[in-house]
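Trainee: I should like to learn how to read a model of this kind, beginning with its strands. Where should we start?

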Amino acid sequence: MLRNSLLTRRFVLTLAVTYCAAILPCAELSAEETAPLKALIIDGQNNHGAWPKTTMMMKSYLEDSGRFSVDIARTQFTWKGGKLLEQYPLEDGKSYTDLPQPKSDPDFKPTFSNYDVVISNFGWKAAPWPEETQTALEQYVSGGGGFVVIHAADNSFGSWTEFNEMIGLGGWDGRNEKSGPYVYVDKEGQVQRDLSPGPGGNHGPAHEYQIVVRQPDHPIVKGLPKAWLHTKDELYQKLRGPALNMTILATAYADPKYRGTDRHEPKLMTIDYGKGRIFHTTMGHDDVAFSCVGFITTLLRGCEWAGTGEVTLTKVPEDFPGVNETSKREFES
Ligand SMILES: [Zn+2]
């Protein structure tokens, strides 16, 4: 039985290779073009308790695309991981201690330069990294590395100047008018930079909301529908920051019915920092938000763009959400 199945697999493989070599241009791709991009997810301390699961969801999405290989670097002292740490273990032979409060990990020193793209799944109140690690991230990104910021990762490290430049906009953790303007899009579609005093970052109750593309020619959103309905999620608003070299790719209308600002808030952004590229999504409050096909699609494209400056994952999934209809994928670990 085993031998039969092996033979069948070998036959199918032979057919596939023959077909590929004869007809498809894939035989001409160089090793560099076909090698997966190396991605590193960093996590360990996040007020959003779903983080051990959402890290694994991202790893799975990225690897299943065939475009990425994924490693995870986690602080040895974790926070708010709870039972999900046992349900979604790293199995990397290292020991982790979940603490009642975030605590700095003096040994958190990932080698960012080994990767094409680094994805932050840290969150609000994450304890400061060693200075050496902060400098390493700054040098990695300014030297041409890719960095991706997910939801509450823009709550972290409010007083780290260079981090705030990398993320463009952020919220909470002491952010206010001194952090930079509140940036939004007005009813005429113009980007506004509001310098009036006030705290950075808030949101109403989670709800489904429409994502509207503002830069349809940008590779991350090119070919996607102009608008789609995102699954139930928090709608971050009143984010503040330096917002230098930042492009708003997509917004969502913050409806006063959900304590919204009555403005169009940035949802997907890119930032240039030195030679590096940053993709920032403010979506992703929990595993439900992470299961939205719109979130998954823009995450994959955003990671590829941050890592290379291009997007080859251009196919729009058949289960992409509609303008008034959400679409989710079940996640099985
Ligand atoms: Zn949240």
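Mentor: We start with a definition: two strands are said to pair if DSSP finds at least two bridges between them. In this predicted model, strand 5 and strand 12 (residues 276-281) run parallel and are joined by five bridges. One of the bridge partnerships links Ile150 with Thr281 of strand 12.

Trainee: In which sense do strand 4 and strand 5 pair, and over how many bridges?

Mentor: Strand 4 and strand 5 pair in the parallel sense, over four bridges. Ser120, for instance, has Val149 of strand 5 as its bridge partner. Between strand 4 and strand 5 the chain passes through helix 5 (residues 131-142), and this β-α-β crossover is right-handed.

Trainee: How should I read the side chains of a strand, and which residues of strand 5 point which way?

Mentor: In a regular strand, side chains alternate between the two faces of the sheet. In strand 5, Gly146, Val148 and Ile150 point one way, while Phe147 and Val149 point the other way, and all are buried. Because five of the five residues of strand 5 (residues 146-150) are buried, the strand is largely enclosed by the rest of the structure.

Trainee: Let us turn to helices. What span should helix 8 have?

Mentor: The reasoning uses 1.5 Å a residue: the 16 residues of helix 8 (residues 293-308) should span 22 Å, and the end C-alpha atoms are 22 Å apart, which agrees. Helix 8 is also largely enclosed by the rest of the structure, because 15 of its 16 residues are buried. Gly309, with a positive phi near 85°, follows helix 8.

Trainee: How does helix 3 read by the same approach, and what covers its buried residues?

Mentor: For the 14 residues of helix 3 (residues 51-64), the expected span is 20 Å, and the end C-alpha atoms are 20 Å apart, in agreement. Since 10 of the 14 residues of helix 3 are buried, this helix is largely enclosed as well. Among those buried are Trp51, Met57, Lys59 and Leu62. The covering elements include strand 1 (37-45), strand 2 (68-79), strand 4 (117-120) and helix 8. Gly66, whose phi is positive, near 80°, follows helix 3.

Trainee: Which residues have the most contacts inside the largest nonpolar core?

Mentor: That core has 73 residues, and those with the most contacts inside it are Ala39, Ile119, Val148, Ile278 and Cys303. Helix 8 supplies the largest share, eight residues. Leaving aside neighbours within four places in sequence, Cys303 is in contact with Ala39, Leu62, Phe68, Val117, Ile119, Val148 and Phe279.

Trainee: Is Glu325 buried or exposed?

Mentor: A residue counts as exposed if 12 or fewer other C-beta atoms lie within 10 Å of its own. Glu325 has 9 such neighbours and is therefore exposed. Glu325 lies in the segment after helix 8, and its C-alpha atom is 8.2 Å from that of His230, 95 residues apart along the chain.

Trainee: Finally, where should I be cautious in reading the model?

Mentor: Where pLDDT is low, the predicted coordinates should not be read in detail. Here the chain has a mean pLDDT of 92, and 90% of its residues reach 70 or more. Over residues 1-26, however, the pLDDT is below 50, and this stretch has three contacts beyond near neighbours in sequence.

Methods: Residues are numbered from 1 along each chain as its sequence is written. pLDDT is the predictor's confidence in each residue, from 0 to 100. Two residues are in contact if their C-beta atoms, placed from the backbone, lie within 7 Å. Helices (H or I, at least four residues) and strands (E, at least two) are DSSP runs, numbered from the N terminus. The expected span of a helix is 1.5 Å times one less than its number of residues. A residue is buried if 20 or more other C-beta atoms lie within 10 Å of its own, exposed if 12 or fewer, and partly exposed in between; C-beta atoms are placed from the backbone. A nonpolar core is a set of buried Ala, Val, Leu, Ile, Met, Phe, Trp, Tyr and Cys residues joined through C-beta atoms within 7 Å. A crossover is right-handed if, with the strands pointing away from the viewer, the path from the first strand over the helix to the second runs clockwise.
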